[in-house]
Each structure stands twice: as C-alpha cells, then as structure tokens.
Amino acid sequence: MALWTLIGLVEGSASTKWPLGDGPDGQEGVLGMPRLDAAKCEAGCTSCINACPTGAIGLNAAEATLDYGRCIVCQRCVETCPTGALSESHDWAFGTRNRDALRTARTMPATAESAVSRRGFRRSLHIRHVDAGSCNGCESELQALNNPFYNLHRLGIFFTPSPRFADLLLVTGPITKAMLEPLRRTWEAMPEPRWVMAYGTCAVSGGIAPGGPCLTGLDEVLPVDLYLPGCPPNPAAIIEALLMFLDRRPAQVEQGHFDGR
Amino acid sequence: MTPIVKQGLNAGQLLAAAQELCDQGGRMIMLYTAPDDDGGITLRYVASRQGMVGFEAWVVPADRPVPSLAAIWPLLSWYERESTDHRGVTFTDQPEPWPLIQPLRDAESADLRRIPEIAGEDVQILPFGPVRAGVVESAEFTFFYVGEAILHYVPHLFLKHRGMEDRFVGCDSETGAILAERVSGVGSAAHALAYAQAIEAAAGISVPDRARYQRVIVAELERLYNHLYYLGHLADTTTLKVGHAEGVLLAERVKQINARVTGSRFLRSVIAPGGLRRVLRTDGLAEALDGLRGPIRRYIARLDASESYFDRLSTTGLLPREVAFDQGATGPVGRASGLDRDLRRDHAYAAYDDSDIALKIAGHGDGDAHARARVRIDEIDNAITMIQRALALTPEGEIRVPCSLPPSAEGMGWAESPRGTLIYAVHADAGGNLARVKIKSPSFSNWRVFPYTVHDTNMMDYAINEASFGLTIAGCAR
C-alpha cells in the first residue's frame with residue numbers, strides 16, 4: 001500500500017488544467033453535432049430527413065430545420081447531404097437551460113427559467129445520478145469525470161450516494177416506465193432547492209428508443225432545468241454544461257446555433 | 001462468413017436432438033423467435049459443434065407447446081422465458097415458469113416477480129437498488145442474509161429494458177447499424193460489427209480486405225479501454241485507491257486515442273454493413289500504443305505485487321467449470337473457468353484468421369475473481385500486439401462495398417466482444433427492411449451465471465465479485 005502511495009506521489013498530477021487554465025480538454029478529434037447552412041439546401045431535397053434515425057431534421061417552409069435535442073451524433077446526415085448544407089463539426093458543448101435553444105425553428109414559447117437562485121451553489125454542487133434506461137455510454141462518460149484527467153472534484157462538483165444531500169438530479173436514458181417510480185422517489189427525497197438535468201439525447205428527447213417501454217424524455221415527468229444532448233456527451237461537455245449552469249461559463253448554443261469558442 | 005446450417009425439427013424431436021448435441025460435445029448457444037413465411041412464429045435454436053466454422057440452427061414451429069430444454073441445457077431457461085414474455089410461446093416443464101423481462105411496475109400493473117420464500121429467525125432480506133450508490137446502472141438486487149453470510153441472491157435486471165430488438169423492426173439495414181451501436185455503449189464497436197456481419201451474411205457479400213483488417217483495429221481498441229477500466233474498477237472494490245486512479249486513467253488515454261482514430265470515444269459511426277463508413281486516421285496510433293505499453297506493464301506488475309489485492313481476489317466468487325458450461329458463461333468469465341472458447345478463433349471473422357495477426361487465447365483454470373482479472377490482463381497485452389500487427393498488414397484499397405439486405409433474407413453475425421460472445425440474427429421482410437433482429441449479448445449470458453457465485457458467500461466479497469465479472473446491465477436488458 002505504501003508503495004502505491006509513493007508511486008502516486010512520484011508520478012504527480014495527471015489532471016488537465018482546463019477549464020480553469022490553459023490545457024487540453026481531452027476531446028481532440030471528437031466529432032460533434034452537424035452544422036446546418038440551410039441556404040445551401042436544394043429545393044425538394046429530403047435526403048437528410050430520410051437519413052436521420054431520430055427525426056432531428058425537419059422542414060419548415062422548404063428550409064431544413066434542426067433540433068439538436070434529438071441529435072445522436074451518428075454523422076449520417078453529413079454523409080448523405082449532397083450540397084454540403086450539413087457539415088461535420090467538433091461542436092459538442094450543447095448544455096443549455098432552455099430546451100428551445102437547441103432548435104433552429106422555434107416551435108414552442110421559451111420555457112420559463114427556474115427562479116431559484118443558484119448563487120450559493122457556484123462552488124459546491126452535489127449531484128445524484130439516476131440511470132433511467134441508458135445504453136451505459138452515458139454512465140461510462142460520467143464515471144470518466146472522476147478519473148485523474150478530469151478530476152471533477154477540483155471544480156467543487158461531487159457525485160453523492162444519497163439524494164438527501166443532492167442539489168442536482170442528473171438523469172440518463174429515455175426513461176423506461178419501470179424506472180419511473182424509483183426516479184420520482186429519488187427526486188422527492190431531495191431537499192429544496194433542487195434542480196434536474198437531462199443528460200444525453202435519450203433523456204432530452206427519447207433519443208433512439210422513444211415509445212414502447214420508454215417515454216420520450218425526462219421533461220415528460222420532471223421539471224428539467226438543464227439539458228445536455230449528445231450521444232453520449234463527453235466529459236468536457238458535462239463540465240461545460242455544469243459550469244454554465246452555475247454561471248461560471250457562458251452558454252454556447254442559442255436558437256439552434258452553436259457559437260464555438 | 002460461413003452460412004448457417006438450417007435443420008427443420010418438430011417439437012417431438014427436440015429433446016432427443018438436444019441430448020445428442022450434449023453427448024457429442026457440442027454447445028447450445030441461444031434460442032430466439034423468428035417470423036415464418038406464413039406470418040406465424042418459429043423457434044430458432046442455435047448450436048455449435050466442434051470443428052464447425054459456422055453455426056447450426058434448428059427451426060421448430062411454435063404454434064403449439066414446445067418441451068423446455070432447460071433440464072439438458074440450463075442456459076436456455078432465460079431464452080425460453082424471454083420468448084414466452086415477448087411472443088407468448090408455451091414451454092412445457094419449464095423449471096422457472098414466471099416472467100423474466102420485468103413487467104412494468106407502473107400504477108396499472110402488478111409486480112409479477114418471483115422471489116423465493118426464505119424465512120428463519122435470523123434471516124434478513126435486503127432489497128438493494130435500483131438507485132444505488134455511485135454512478136452505476138440501474139438494477140435491483142434482493143439479498144437473503146444472516147449476519148455476514150449471504151444465503152441467497154436474486155437480481156432483477158430488466159428495469160431498463162428498452163425493447164431494443166423491436167426498435168429495429170421496419171428500419172433499413174443502414175439505420176440498424178446506428179441502433180446496434182446504442183444497445184450497449186461500451187460495446188458499440190462489437191455490436192456494430194456483429195450486426196454488420198449478419199447483414200453481410202444475409203446479402204452474401206464479403207467486405208474488402210482493408211475493412212477486414214481495420215475492423216480488427218477498432219474491435220481491439222474497444223477491448224483495450226474496457227479491460228483497462230475493468231482493472232481500475234476492480235482495484236477500487238479492493239480499496240486500492242491509487243490502483244483505481246491509474247487503471248481508469250489508462251482507460252481514459254485509450255478513449256482519447258479512440259477519438260483521434262475514429263472521431264468517437266466509443267468507436268461509433270465507423271463500422272457499417274459492407275465495410276467501414278470512414279477511413280481510420282491511424283497515423284500516430286502505433287506510437288501512441290507503444291507509449292502505453294510501459295505504463296500498462298508497470299501498472300500490472302504493481303497489481304501483481306500487491307498482496308492485499310491478491311488476497312481479496314483469490315478464491316472469491318468461485319465459478320466451477322461445470323456451472324460455467326451449463327449456465328452459459330462466456331468471454332473472459334468462461335475462459336477463467338477453463339472453457340477454452342473464443343469466437344475470434346473458433347468461428348473466425350474479420351481478419352482474425354490471418355495467423356500474422358497473432359491472436360492468443362488467454363485461459364485460466366481457477367475460476368475465481370483473480371482468474372477473471374488474469375485473463376483480461378493477458379488479453380490487454382495481446383490486443384495491443386494485434387492492433388499493431390493489423391496496422392502493418394492493412395492493405396490499400398476500398399473500405400466499403402455496396403450492401404443491401406435482400407427481401408426475406410436472413411443472416412447471422414457474431415463477434416467476441418470484450419465481455420464475450422455477441423450474436424446478431426437478422427431477418428428481412430418482403431421489402432428488404434428488418435423484420436426481426438435478435439441480440440444475444442454476453443452480459444445476458446453472464447448475468448445468468450453470476451448468482452451461482454453469490455449464493456452461500458459473504459457480503460464483503462460481493463462488490464469485488466460483481467466487479468470481477470465485468471457485467472453491463474444495458475447489454476442484458478436491451
């Protein structure tokens with residue numbers, strides 16, 4: 001045991017300085033959600049709409065529209081598009097408080113933001129995770145947050161075993177009906193103020209598995225304060241989203257457009 | 001891929017055929033329901049025999065009760081119950097005649113789970129989950145225990161059943177690959193590979209050589225990050241905190257390599273029917289893996305030198321060879337209990353049949369948690385070697401050929417995923433879309449086996465034993 005401790009000390013810190021200082025975010029090469037330049041669309045072309053397995057792409061007055069809340073990053077629309085209107089990107093930090101910000105076409109009125117102040121939580125947030133039917137890709141990335149490279153603790157953000165100590169309920173998966181009751185009870189066990197995060201495209205919109213034994217996303221059953229689509233969202237995207245939620249980083253997606261950095 | 005040898009049987013011949021397979025040293029693999037030409041349902045029993053490159057499929061009509069084969073092949077019990085839950089097939093003499101796939105536990109439906117009645121003055125019942133400490137998948141476990149001793153253990157694994165097999169129905173074969181990648185995230189590449197090979201078998205095409213070798217690279221990268229994460233997690237359950245940190249850090253390094261090579265940390269959007277969707281960016285890969293070899297070797301040497309670690313693993317969660325075979329253990333779990341079986345060798349696919357790839361099958365006879373870790377350690381080293389060999393052996397040329405699913409065709413594809421035997425069976429409808437997809441996942445097999453190593457053990461060992469199996473719940477529940 002002493003040997004391990006010694007070697008741990010000798011090898012030093014493996015954590016990246018990002019996002020507090022200069023350092024890699026660890027996502028070199030990660031393909032993100034497609035960029036849409038609807039001006040390049042050909043009249044009558046529906047190839048991307050037919051290719052998208054989750055209905056993330058639609059038509060509004062002959063112009064393609066995109067809902068990033070449904071995108072599973074499969075890259076198929078990019079491969080299918082004959083005109084380059086949809087292009088490959090490395091955009092993945094899609095965390096937002098407003099579901100509508102993920103859509104290029106406004107279909108619903110902007111959702112009202114939770115009025116409770118998050119001020120006291122900026123440097124200490126405790127998260128309870130519930131898997132409500134994920135493919136375990138999301139869990140794999142959430143587990144990665146505690147590896148030495150991301151070392152989430154250094155940002156004052158912790159996962160907690162008990163909902164009694166949790167400020168944020170982080171939910172993955174499309175919400176299977178069998179997990180509905182355990183999910184509700186976990187939420188009810190949390191003290192107020194409490195917030196809810198839909199993590200991954202399945203939790204945001206149902207993803208690839210809406211219907212049958214599954215619901216179509218978390219906001220069918222709980223009030224969602226933070227959305228992060230992705231399949232799965234990578235660890236850096238989670239960090240960006242959580243810091244954005246705590247007003248420590250700016251939101252990067254607005255009206256279905258990604259600003260990048 | 002070698003076609004499947006189909007054989008029609010009726011319900012009356014089934015028991016004799018099952019016994020004959022057993023007597024001749026064959027192995028029953030799985031059972032599923034498939035639509036027949038007249039809109040009815042047939043049962044497909046998939047078996048393998050020694051020396052056979054493909055598989056054997058028995059086709060049995062399911063319009064009347066069929067005798068359960070669970071007494072001869074205990075591993076079939078879960079498949080039979082699943083067929084009853086999904087398609088209403090009746091099996092006579094089923095030893096566990098209650099639902100497997102958890103009935104919905106919303107307000108309208110009753111809880112139909114069957115938990116044995118165990119009572120006694122000091123016997124306590126611990127219902128654990130589905131929301132458990134840590135970032136883990138949802139499942140509920142019932143422990144019957146006295147003090148430290150576990151008397152009996154029942155897992156409930158289907159709370160997150162998403163109906164994934166039904167989700168494929170009506171999709172074209174391209175979309176199917178995207179769905180397959182999302183059945184079990186940490187097995188994305190193996191799922192896409194087994195699925196793509198099933199479609200290719202149905203279409204009767206073979207993929208270009210360049211794709212065959214690059215598929216090996218992708219599949220072994222998946223094994224690498226899974227096994228490294230496994231070692232870190234296992235160290236965590238034995239409270240070796242630095243050992244945990246180092247293992248998961250190595251896994252993270254491989255995930256970052258995955259992203260640079262394929263654009264996805266989970267190796268998604270690469271494998272598709274007909275070959276590959278994109279050329280791998282392999283420049284720098286060999287050097288990156290060389291750079292990992294040293295740290296991995298030193299890490300494993302340190303684990304080997306830690307007595308406290310060895311003490312917690314040795315004799316923990318014993319799985320005898322006979323139980324492993326009867327209940328259908330697969331992958332490293334089976335190999336650690338003396339089952340010499342690996343699809344990469346026994347039913348070779350992609351470029352694994354090229355001896356220059358240098359596939360080495362790991363094995364162990366002890367059947368405890370230490371053996372299960374040992375098998376994975378050996379596979380880590382071999383995975384790096386195979387990736388580097390495949391890099392050198394990959395020829396130039398096309399990466400994909402056109403591949404469409406012919407109307408009413410059927411096919412089977414398989415892969416040795418990091419967790420073991422993964423099989424896809426696909427059936428097309430008259431329009432060339434998917435009519436039925438069966439997924440036989442390794443975690444479905446190994447979860448069936450796992451409770452046999454928990455009954456009659458103790459609470460202190462449970463977390464270590466569970467970690468040593470390396471199970472996923474999404475793969476099991478689908």
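**Chain A fold, the A–B contact and local backbone features**

In chain A, residues 24 or more positions apart account for 76% of the contacts with a separation of 6 or more. The model is predicted. Chain A holds seven helices and 11 strands. Its C-alpha trace spans about 70 × 40 × 35 Å along the principal axes. For 261 residues, a compact globule would have a radius of gyration near 18 Å, and the 19 Å of chain A agrees with this. Of these 261 residues, 51% count as buried.

The contact between the two chains involves 52 residues of chain A and 48 residues of chain B. On the side of chain A that touches chain B, at least two residues each are supplied by α1 (2-11), α3 (76-80), β5 (125-131), α4 (137-144) and α5 (177-188). The largest share, seven residues, comes from α5(A). Sorted by class, this side of chain A has 26 nonpolar, 19 polar and seven charged residues.

The helix with that largest share, α5(A), was examined further. It has 12 residues, and the distance from its first C-alpha to its last is 17 Å, close to the 16 Å expected at 1.5 Å a residue. Buried positions in α5(A) are A:A178, A:M179, A:L180, A:L183 and A:T186. An α-helix has 3.6 residues a turn, so residues three or four places apart point the same way. The buried residues of α5(A) pack against two strands of chain A, β5 and β7 (168-172). Of these strands, β5 also supplies at least two residues of the side of chain A that touches chain B. The helix α5(A) thus has residues on the side that touches chain B as well as buried residues that pack against strands of chain A.

Two cis peptide bonds are described here, one in each chain. In chain A, the bond joining A:C231 and A:P232 is cis, with omega about -15°. A:P232 lies in the loop between β9 (226-228) and α7 (235-245) of chain A. In chain B, the peptide bond from B:G129 to B:P130 is cis, and omega is near 5°. B:P130 is placed in the loop between β7 (124-128) and β8 (140-146) of chain B.

Positive phi values occur at two residues that are not glycine, A:N136 and B:D93. For A:N136, phi is about 80°. This residue is found in the loop between β5 and α4 of chain A, and both of these elements supply residues to the side of chain A that touches chain B. A:N136 counts as buried because it has 26 C-beta neighbours inside 10 Å. For B:D93, phi is about 60°. B:D93 is found in the loop between β6 (91-92) and β7 of chain B. With 12 C-beta neighbours inside 10 Å, B:D93 counts as exposed.

A further loop position in chain B is B:Y349, between α12 (343-346) and α13 (369-393). B:Y349 is buried, since 24 other C-beta atoms lie within 10 Å, and 20 or more suffice for that class. B:Y349 and B:E398 are separated by 49 residues in sequence and by 18 Å in space, C-alpha to C-alpha.

Terms used:
Residues numbered from 1 in each chain as written. Chains lettered and ligands numbered in written order. Predicted model: local features only at pLDDT ≥ 70, side-chain atom pairs only at ≥ 80, totals over all residues. Contact = placed C-beta atoms within 7 Å. Helix = DSSP H or I, 4+ residues; strand = E, 2+ residues; numbered from the N terminus. Nonpolar A, V, L, I, M, F, W, Y, C, P; charged D, E, K, R; others polar. Rg over C-alpha atoms; globule rule 2.2 N^0.38 Å. Expected span 1.5 Å × (residues − 1).
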